[in-house]
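Let's take a walk through this structure together, one piece at a time. Have the 3D view open beside the text, so that you can turn to each part as it comes up.

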Amino acid sequence: MKTKIRVFFLLTIFLSNVFALDGAFVHTVEALPKKEVGKELYNKYCATCHHKKRIGLEGPPLLPKFLKKFSEKQLALKIKDGFPQTLMPKYDFLNPYELTSIARYIKSPIKEKIQWNKEDIYNSITSFNDPLNPLKIKDIEQVLPVVERDGSKVWIMEDTSVLSKFNLANVHGGIKYSSDAKNIYVPTRDGWIQNYSLKTAQRLNKVRACINLRNISLSNNGKYLFATCLLPEQIVIIDTKSMIPIKVKKLEGKVSALYELYSQDKAIFTFRNKPLLASINTNTFKINYININDPIEDFFIDPFEEYLIGTARKGELLRVFDLKTSKMVFEYKMKGMPHLFSATYWYKNGNFYFATPHIKKPYITVWKMYNWQFIKQIDIKGDGFFVKTHPNTAYLWADNGSDKLILINKEDYSIKSFIPRKNKQYIHTEYSGDGKYTYLSIYEKDGEIIVIDTNSFKQLASYKANIPVGKYNYINKNRKFYPRLFGWDIFKQKCKNMLPCENLKLNTYEKKSLDAFLKTLK
């Protein structure tokens, strides 16, 4: 009799919650028999887009590492309501028990080892039939791809205008320009790389290098694209014209990132979980490893490609390695993981500097390069993600997780701020190649890309955008142009904006920089 009463009681609770996903329902689900209901429902409704192994097809992977920020209840609601900005339909005809069963299943770990081999990569190649629509770019140095994250789009801008847009979801890891600047390569978190023509505004071949991608890089000659993968752990080498995979290099470790050198046929990478400094020959694909003291979790290569600046021991140490000798030449203890990918560089009074934000810390730090030295910690009163500058501005431009844009004077580090849009979060400054225009992202679903005059702060244009994030100007996102940008500052400070610029006492870095800038004036 007690058993019958219990079953009736559970059934009553279940039926009373058919159209709601609340706490009571979750307890009901826990009490129901544990069968593979979620897997069966997933295979029926989800596998055609997300793959039977949940590694993603047209839809993204549905694995625990991609879903950490969602509870079962939140996922169930998302499955029920669909994603209006994507092709995912609503599944509001499923009852709460079915929705939660699917959510529980996609948050469960996969026991088998995930593979994505050369054949899988080749079979993923996707072609498009976009109409020919020449962009008629006037000056490639002013071109700026923009990522509209929740709109699942990439825009192509020049000066204050939007020239075109194309669809691509989950963009992550940095857009790269081809060596002739006629194409861009756009990576996604779930391993896709889209080749896009800046000449014809057409999507060319797209290929899936892996399930979870860290970043992409290009060889110095422009022939090869290198994709570093976290799942599975490998480097995939791809022909940049056809997007056909050439080679898959298996790794044993989580790559922090891979960055190419513009001065050599070489790329550098490190591991987050192994104390190794690695280089790959971008012609022969041979990898060399050198042992170091600790894993490097995040790093960048200096503008003259002589040093690696990285973080170790979960951000407690900043270390600098000489790339010629692989020896550590500088170490500094600190608190808070620097976000070195978001570092910015400038020249001032005979010295070269970089500044970096710190993840989950309310400050940025300033460092002197080459005669390596910690300079200053600057409180920006909030957890920021980016700090940027350009020779055409007197400031470092930083975000701090609020609606404020923080402006830090490069001379005396004094701070002022302004609010692009009240009560709406600002993030990520980018500049045109000449620094005349500044582009701001209003990081909201009803957000914007705002274009302002860099010096007057006057708004020149604004475009609605759904969670706009990264922006990638051709000059500011290519390390080979950094010496030229330093040279601009040197020209202003030492030549007083006048030609000829003679009889100057310059060190090697200053001379390289000034020469690079003066070539642009001829």
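What follows goes through some helices, then two sheets, and ends at a single tyrosine.

Please keep in mind throughout that this is a predicted model.

A good place to begin is helix H3, which spans residues 37–45. Which of its residues are buried? They are Val37, Gly38, Leu41 and Tyr42. If you look down the axis of H3, these buried residues fall within an arc of 130°, so they line one face of the helix. The general rule behind such a pattern is that an α-helix has 3.6 residues a turn, so residues three or four places apart point the same way. Now turn to the face of H3 that points away from the buried side: there you will find Glu40 and Lys44, which are exposed.

What covers the buried residues of H3? The cover includes helix H4 (47–50) and helix H6 (96–107). The second of these partners deserves a closer look. In general, two packed helices are described by the angle between their axes and the distance between the axes. For H3 and H6, the axes come within 8 Å and cross at roughly 95°. That crossing angle makes H3 roughly perpendicular to H6. On the H3 side, the contact is made by Val37, Gly38, Lys39, Leu41 and Tyr42, and these meet Tyr97, Glu98, Ser101, Ile102, Tyr105 and Ile106 of H6. By character, the residues of this contact between H3 and H6 divide into seven nonpolar, two polar and two charged. Val37, Gly38, Leu41 and Tyr42 are thus on both lists: they are buried in H3, and they meet residues of H6.

Another helix pair lies further along the sequence. Helix H8 covers residues 482–494 and helix H9 covers residues 508–521; their axes come within 7 Å and cross at roughly 90°. With that angle, H8 is roughly perpendicular to H9. From H8, the residues that take part are Pro483, Arg484, Phe486, Gly487, Trp488, Ile490, Phe491 and Lys494. Facing them from H9 are Glu510, Ser513, Leu514, Ala516, Phe517, Leu518, Thr520 and Leu521. Ten of the residues in the contact of H8 with H9 are nonpolar, three are polar and three are charged.

Let's move on to the sheets. As a general reminder, strands of a sheet pair through backbone hydrogen bonds, either parallel or antiparallel. One open sheet here has four strands in the order S3-S2-S1-S32, and its pairing is antiparallel. Which strands are at the edges? They are S3 (161–167) and S32 (468–471), each of which pairs on one side only. From one strand to the next, the twist averages 25°.

Within this sheet, follow strand S2, residues 153–158, which runs antiparallel to S3 and is joined to it by six bridges. You can trace the register from two pairs: valine 154 has phenylalanine 166 of S3 as its bridge partner, and methionine 157 stands opposite valine 162 in S3. S2 and S3 form a hairpin with two residues between them. In that turn, aspartate 159 has a positive phi of about 55°.

A second open sheet of four strands has the order S12-S13-S14-S15, again with antiparallel pairing. Its edge strands are S12 (255–260) and S15 (287–291), each pairing on one side only. Here the twist averages 20° from one strand to the next. Although S12 is an edge strand, it is mostly covered, with five of its six residues buried.

Five bridges join S12 to S13 in an antiparallel arrangement, with valine 255 opposite phenylalanine 271 in S13. The two strands form a hairpin with five residues between them. S13 (residues 266–271) is in turn joined by five bridges to S14 (residues 276–281), and they too run antiparallel. In this pair, phenylalanine 269 stands opposite alanine 278 in S14.

The last stop is tyrosine 307, in strand S17 (residues 307–312). Is tyrosine 307 buried or exposed? Its relative accessibility is 14%, so tyrosine 307 counts as buried. Leaving aside neighbours within four places in sequence, its contacts include Phe300, Val320, Phe321, Leu323, Tyr370, Trp372 and Tyr509.

Definitions and conventions
Residues numbered from 1 in each chain as written. Predicted model: local features only at pLDDT ≥ 70, side-chain atom pairs only at ≥ 80, totals over all residues. Heavy atoms only, no water. Buried < 20%, exposed > 50% of the residue type's maximum accessible area, 1.4 Å probe, protein only. Arc of directions from axis to C-beta. Contact = heavy atoms within 4.5 Å. Axes fitted to C-alpha atoms, helices over the stretch in contact; angles between N-to-C directions. Parallel < 35°, antiparallel > 145°, perpendicular 65-115°, else oblique. Nonpolar A, V, L, I, M, F, W, Y, C, P; charged D, E, K, R; others polar. Pairing = 2+ DSSP bridges.
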